[in-house]
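Colleague: Here's a protein chain I'd like to puzzle through with you. Shall we take it piece by piece?

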Amino acid sequence: MYAARATSGPVELAFTDRHGGVSRAPFDSLNLGWSGGDDAEAMAENHQLLMADFAPDDGVEGLAELGQVHGREVLRVGLEGPRHDVHGHLHGIGDGLVTDQPRVTLSVRSADCAPVLLADPEAGVIGACHCGRAGVVAGIVPATVAAMRDLGATTITAWVGPHVCGRCYEVPQQMQDDVAATEPTARATTSWGTPSLDLGAGVAAQLGREDVRVVDLSRCTIESSDLFSYRRDGALSGRQAGVIRRSR
Ligand SMILES: [Zn+2]
């Protein structure tokens, strides 16, 4: 079920892998998407299975997630932001979530983008965002950090989960140049010598400039058969998730 887990004080977080769900091939099995070619009931059950394990006291009603659009909108769970949808969980449109509330599980979905989970355990503020090529340029990571600071966060740690690595993420030269114009550290080269992007390096640089400590829990989605990868599997790819909550 999990590619990685960590705790920090009352903060619990995890990055899922593709195992432990009920979706059939090629979405086998813990597909945490909501769209695509997979069976809708299987996807809903996968979310319930995840929450039964990750936050058994809260269940799927405690899950907050996003209709992700690769922008820089950050929603605050609490007084405003996501509303309960037909699946029973909180749902809004954007690419980052923050909260200062306990027992809310923030979730971001990804297949090759970098999921980033953040916390200031002392202040009781947590955040989550996903960052792909567009997110690096849009600045979703610094936007999420800023939204956390608005809620009182000061000393923030970020955990970066599985994403396509710089040796695999081949892009056209012009695309690399466009991203590097915003984030030079993302410029990389594939293992076969062509232009690529290193999302992890770009995210780490952006977090570093915000004075956020980075914990790298990543693996390459393309290279690991335990993970979903859109780059590798296209429309037949499921989605994994990064989830974070405060237990108290
Ligand atoms: Zn790779």
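Colleague: Which strands and helices do the buried residues of H3 pack against?

Modeller: Quick ground rules: this is a predicted model, where local features need pLDDT of at least 70, side-chain atom pairs count only at pLDDT 80 or more, and totals for chains, interfaces and linings use all residues. Residues are numbered from 1 along each chain as its sequence is written. Helices (H or I, at least four residues) and strands (E, at least two) are DSSP runs numbered from the N terminus, "buried" means 20 or more other C-beta atoms within 10 Å of a residue's own (exposed is 12 or fewer, partly exposed is in between, and C-beta atoms are placed from the backbone), and a contact means two such C-beta atoms within 7 Å. With that in hand, the buried side of H3 packs against strands E4, E7, E9 and E10, plus helices H2 and H5.

Colleague: And which residues of H3 are buried?

Modeller: Helix H3 covers residues 140-150. Its buried residues are Ile 140, Val 141, Ala 143, Thr 144, Val 145, Ala 147 and Met 148.

Colleague: In the largest nonpolar core, which residues touch the most other members?

Modeller: Nonpolar side chains tend to be buried together in soluble globular proteins. A nonpolar core here is a set of buried Ala, Val, Leu, Ile, Met, Phe, Trp, Tyr and Cys residues joined through C-beta atoms within 7 Å. H3 gives the largest share of this one, 6 residues. Out of the 67 residues in the core, the ones touching the most other members are Val 116 and Cys 131.

Colleague: What is Cys 131 in contact with, leaving aside its neighbours within four places in sequence?

Modeller: Two of its partners, Ile 140 and Val 141, are among the buried residues of H3. The full set is Cys 113, Ala 114, Val 116, Val 136, Ile 140, Val 141, Leu 199 and Val 203.

Colleague: Over to H1: how many degrees of arc do its buried residues cover?

Modeller: In H1, Met 43, Asn 46, His 47, Leu 50, Met 51 and Phe 54 are buried. The arc is taken from the directions pointing from the helix axis to the C-beta atoms. These residues sit on the same side of H1, because their arc is only 125°.

Colleague: Which exposed residues does the face of H1 turned away from its buried side carry?

Modeller: The buried side packs against E2, E3, E8 and E15. Turned away from it are Glu 41 and Ala 52.

Colleague: Which strands stand at the edges of the open sheet?

Modeller: Strands count as paired if DSSP finds at least two bridges between them. The sheet has 7 strands in the order E1-E2-E15-E8-E3-E6-E5, with mixed pairing. Two of them have a single partner strand each, so one side is left without a neighbour in the sheet: E1 and E5.

Colleague: Which residue in E8 is the bridge partner of Leu 63?

Modeller: E3 and E8 pair in the parallel sense over 2 bridges. In E8, the partner of Leu 63 is Thr 105.

Colleague: Last one: what is omega near for the peptide bond from Ala 25 to Pro 26?

Modeller: Most peptide bonds are trans. Pro 26 lies in the loop between E2 and H1, and that loop also holds Ser 29, whose bond from Asp 28 is cis with omega near -10°. The bond from Ala 25 to Pro 26 is cis too, with omega near 5°.
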